[in-house]
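Dear colleague,

I am passing on the structure we spoke of, with a short account of what was found in it. Please look it over alongside the notes that follow.

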Amino acid sequence: MLGTIVNVAAVIAGSIIGMILKHRLPSKITTIVFQAIGLATIFFGVSMAFKSNNWVILILSLVSGAIIGQILNLDDLMNRVGEKLKTILKVSSDKFSDGLVTAFLLFCMGSMTVLGSLEEGMNNNADLLLAKSVMDGFSSIALAAAMGIGVLFSALPLLIYQGAITLFAGSLHEFLSTPLINEITATGGILLIGMGINILEIKKIPVLNLLPAFLTTVCVYFIFTVF
């Protein structure tokens, strides 16, 4: 768990630095940083999306996941949870949920997360996660400077998700094959593109309603590979 703990610490430290910088930057600088984050988010999303080896799996996963998410109305649920957290923490940021979701997707949905966690869990080698920690630390500075405290709270799902893969690496190794990891990464990439569009205020996309696509990706992948 060393790699995950260091990764979480790096995100927390980077987020704190970013929030300190945010309050010291002129509004024009904050705005352009926010727009730069939006463009970078779309870029990372596109690069992740091209990890897919089967676009049919990607499309079916997204469509089925979107239907499930819309029925459950996850976007509205998360917004209500976000508003409660903002009230409890006395946070005034209107980008709390966007910061949390964007950081979660960026830090948790890449192939380095899964491969690094499996490597540490099976071989006690945290090198890949330590390298990821450096990248996530710097990324969290920029994200928190633009989007605020929501980025800091992404450390919790990062700890749960990455830590769980590390702890259960032995049983997950055969299940999480490289092709499946690529499809999950590609799905995360599409969601990141949606977040980037939201950040740039081009159009409001309820990205949280697409989150079930991660589960449907696994189901659709096995349907295609088995049959």
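**Helix α9 and its surroundings**

Ile160 is found in helix α9, and I start there, bearing in mind that this is a predicted model. With a relative accessible area of 55%, Ile160 counts as exposed, because the cut-off for that term is over 50%. Ile160 belongs to a nonpolar patch on the surface, which it forms with Met1, Ile5, Leu156, Leu159, Leu167 and Phe168, and these residues together have about 700 Å² of accessible area. Helix α9, which covers residues 155-167, gives the most to this patch, contributing 4 residues.

Helix α9 also packs with helix α5 (residues 96-108), the two axes lying 9 Å apart at an angle of about 30 degrees. That makes α5 roughly parallel to α9, since angles under 35 degrees are counted so. The crossing in which α5 passes α9 is right-handed.

**The salt bridge**

Elsewhere, the structure holds 1 salt bridge, formed between Asp136 and Lys132, whose closest N and O atoms are 2.6 Å apart. Both residues lie in helix α7, which spans residues 127-147, and they are 4 residues apart, about one turn of the helix. Are these two partners buried or exposed? Asp136 is buried, with a relative accessible area of 7%, and Lys132 is likewise buried, at 4%, because buried means under 20% relative accessible area.

With best regards

Definitions and conventions
Residues are numbered from 1 along each chain as its sequence is written. This is a predicted model: local features need pLDDT of at least 70, side-chain atom pairs count only at pLDDT 80 or more; totals for chains, interfaces and linings use all residues. Side-chain values use heavy atoms; hydrogens and water are left out. Patches are made of residues with over 30% relative accessible area and no salt bridge: like charges are joined within 9 Å, nonpolar side chains (Val, Leu, Ile, Met, Phe, Trp, Tyr) within 5 Å. Accessible areas come from the Shrake-Rupley method with a 1.4 Å probe; for residues, only the protein chains shown count as cover. A salt bridge is a side-chain nitrogen of Lys or Arg within 4 Å of a carboxyl oxygen of Asp or Glu. Helices (H or I, at least four residues) and strands (E, at least two) are DSSP runs, numbered from the N terminus. Buried means under 20% relative accessible area, exposed over 50%, partly exposed in between (1.4 Å probe, protein chains only). Axes are lines fitted to C-alpha atoms, for helices over the stretch in contact, and angles run from 0 to 180 degrees between N-to-C directions. Angles under 35 degrees count as roughly parallel, over 145 as roughly antiparallel, 65 to 115 as roughly perpendicular and the rest as oblique. A crossing is left-handed if the near helix is turned anticlockwise from the far one by less than a right angle, and right-handed if clockwise.
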